[in-house]
Amino acid sequence: MNTKQTFHVIGFLLLLFALFSGSWFLWLFGGIFFFMPALQGWWLSSMSNWMKLDWTYDQHRVMPGTAVHVTVRLHNHSWLPLPATWIRFSLPEHVSVEGADEVKISNQRTVVRLRFDLPMRQSAARNLTLIPHKRGTVWLNEAASESLPLFGDERSDLTLPLSFSLLVYPLPLPLPAFVLDETEPDGARLSRQRQQDDVTFQRGVRPYLPGDRMKHVHWKATAKTGSLETRLFEHTAQPNWRIVGHILPSYEPMQQRHNDVVNERTISCLAALSVLCRKKSYGYELFLTIRQRGREHYHLPAGSGKNHHLHVMTQLAQMHHYVTSPLAHLLRRLEDSPAREAILLVTPRLDDETHASIERLLRRGHHVALLDVSEEQAVLRRFEAMRPTRQRRVMS
């Protein structure tokens with residue numbers, strides 16, 4: 001029997017005695033025991049209109065280990081004080097929280113509790129520090145409020161909506177020292193016939209020359225220098241890299257092996273390559289051996305710049321539940337490219353089937369470099385074109 005039922009039993013007995021005795025005091029005293037549970041129900045139903053929760057934070061895209069400062073504000077719009085009000089929410093286990101009253105780990109979740117003492121018609125704020133340690137998306141859409149109980153030990157819970165989303169990028173893996181230009185395909189250098197400007201990518205300005213188009217004049221630079229300046233664009237003949245990421249199944253039942261740790265290393269290596277291409281201003285397109293939207297593999301078209309880098313990092317951060325596809329099928333499709341491509345393969349498993357696919361790519365004139373991430377430190381291997389004796393040389 002809970003407290004509410006106890007109040008109803010006491011009130012019923014008092015009203016029963018009042019009926020036989022005719023005492024108005026018993027009538028009023030017994031009615032109070034029925035009025036209090038009704039008042040409690042009305043209070044809980046109306047509390048959502050009087051309590052509001054605000055959640056503000058300074059960053060929404062971070063790297064693992066970065067501190068995110070959060071301010072939690074609870075507003076009391078009622079004419080009654082709310083002492084000993086607790087706000088409870090849960091985060092993934094890998095997120096550490098500083099500045100809370102209670103923090104505990106339960107069912108692989110970090111449960112956080114904050115205490116507020118709210119006077120009437122006022123607000124209170126608490127500051128927290130969240131530190132995520134793994135890639136992924138940390139999000140919250142509601143928190144639970146526990147107010148001071150009116151009946152014994154029964155809690156008065158209320159669900160408060162909030163909006164919080166934190167994207168944690170993968171931590172880039174340290175790469176071996178190598179230069180991407182060393183494995184560029186033959187004929188990738190610009191010729192006089194291929195020196196055409198691409199207005200999509202601007203790399204600077206130069207003095208105006210007769211014959212330049214007026215729409216390419218950089219008017220801000222012209223105003224600063226006092227002479228006409230023309231925008232200088234990248235060339236369309238700049239080669240793009242094809243980066244192929246080999247993602248293994250999360251669990252292989254035949255070998256009874258989990259590949260989560262290996263896949264995380266592969267994703268970290270892809271993130272490091274994206275950072276490197278961003279710094280060197282290289283264009284690249286990304287292929288992943290995962291099925292997405294009815295396709296056999298994931299393909300991000302070629303691009304460069306900040307937006308392309310953020311798109312790649314966001315895709316790598318949100319990669320959790322996926323269905324993989326064979327690497328040989330993806331490499332087979334790359335063989336059909338009529339142009340000579342520079343392919344960079346990131347794989348934790350270099351088997352005979354992958355070797356055969358690389359040999360076919362080399363026969364067709366493609367240049368292939370491989371980053372082996374089977375160990376903690378990535379190892380670079382360059383494959384040279386096939387000689388007439390059909391021998392392949394691998395340089396580690």
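Student: Is Phe164 buried or exposed?
Tutor: Buried means under 20% relative accessible area, exposed means over 50%, and partly exposed lies in between (1.4 Å probe, protein chains only). In this predicted model Phe164 has a relative accessible area of 2%. That value is the reason why Phe164 counts as buried.

Student: Which pLDDT do local features need in this predicted model?
Tutor: Residues are numbered from 1 along each chain as its sequence is written, and side-chain values use heavy atoms, with hydrogens and water left out. Totals for chains, interfaces and linings use all residues of this predicted model, side-chain atom pairs count only at pLDDT 80 or more, and local features need pLDDT of at least 70.

Student: How many aromatic pairs are there?
Tutor: Rings of Phe, Tyr and Trp (its six-membered ring) pair if their centres lie within 6.5 Å; planes under 30 degrees apart count as stacked, over 60 as edge-to-face and the rest as tilted. By this rule, the number of aromatic pairs is four.

Student: What kind of aromatic pair do Phe25 and Phe29 form?
Tutor: Helices (H or I, at least four residues) and strands (E, at least two) are DSSP runs, numbered from the N terminus. Phe25 and Phe29 are both in helix α2 (residues 24-50), four residues apart, about one turn of the helix. Their ring centres are 5.8 Å apart, with 5° between the planes, and the pair is stacked.

Student: Which class of accessibility does Phe29 fall into?
Tutor: Its partner Phe25 is exposed, at a relative accessible area of 58%. The relative accessibility of Phe29 is 34%, so Phe29 counts as partly exposed.

Student: What kind of aromatic pair do Tyr57 and Phe164 form?
Tutor: A pair of aromatic rings is described by the distance of the centres and the angle of the planes. For Tyr57 and Phe164 the values are 4.8 Å and 85°, and the pair is edge-to-face.

Student: How many residues apart are Tyr57 and Phe164?
Tutor: Tyr57, at 30% relative accessibility, counts as partly exposed. Tyr57 sits in strand β1 (residues 51-57) and Phe164 in strand β10 (residues 156-168), so that the pair links distant parts of the chain. The two residues are apart in sequence by 107.

Student: Which residue in β7 is the bridge partner of Phe89?
Tutor: Phe89 belongs to one aromatic cluster with Trp55, Tyr57 and Phe164. Two strands pair if DSSP finds at least two bridges between them; β4 (residues 82-92) and β7 (residues 109-118) run antiparallel and are joined by nine bridges. In β7, the partner of Phe89 is Val112.

Student: Which residue in β9 does Trp86 stand opposite?
Tutor: Strand β4 is mostly covered, with eight of its 11 residues buried. Three bridges join β4 to the antiparallel strand β9 (residues 136-147). Opposite Trp86 in β9 stands Glu146.

Student: How many salt bridges are counted?
Tutor: Side chains of opposite charge can pair when their charged atoms come close. A salt bridge is a side-chain nitrogen of Lys or Arg within 4 Å of a carboxyl oxygen of Asp or Glu. Arg88, Glu102, Arg113 and Glu146 are linked in a network of them. The number of salt bridges is 16.

Student: How many residues apart are Glu335 and Arg364?
Tutor: Glu335, buried at 1% relative accessible area, forms a salt bridge with Arg332 at 3.5 Å, and both lie in helix α6 (residues 327-335). Glu335 also meets Arg364 in a salt bridge of 3.9 Å, N to O. Arg364 lies in the loop between α7 (352-363) and β21 (367-372), so this pair links distant parts of the chain, and the separation in residues is 29.

Student: Which element gives the most to the largest nonpolar core?
Tutor: A nonpolar core is a set of buried Ala, Val, Leu, Ile, Met, Phe, Trp, Tyr and Cys residues joined through side-chain atoms within 4.5 Å. The largest has 33 residues, and Leu286 is among those that touch the most other members. Elements that each supply at least two residues include β13 (240-245), α4 (260-280) and β16 (283-288). With six residues, the element that gives the most is α4.

Student: How many residues does the other core have?
Tutor: This core lies apart from the largest one, and its members include Val72, Leu91, Leu118 and Ala143. Its number of residues is 31.
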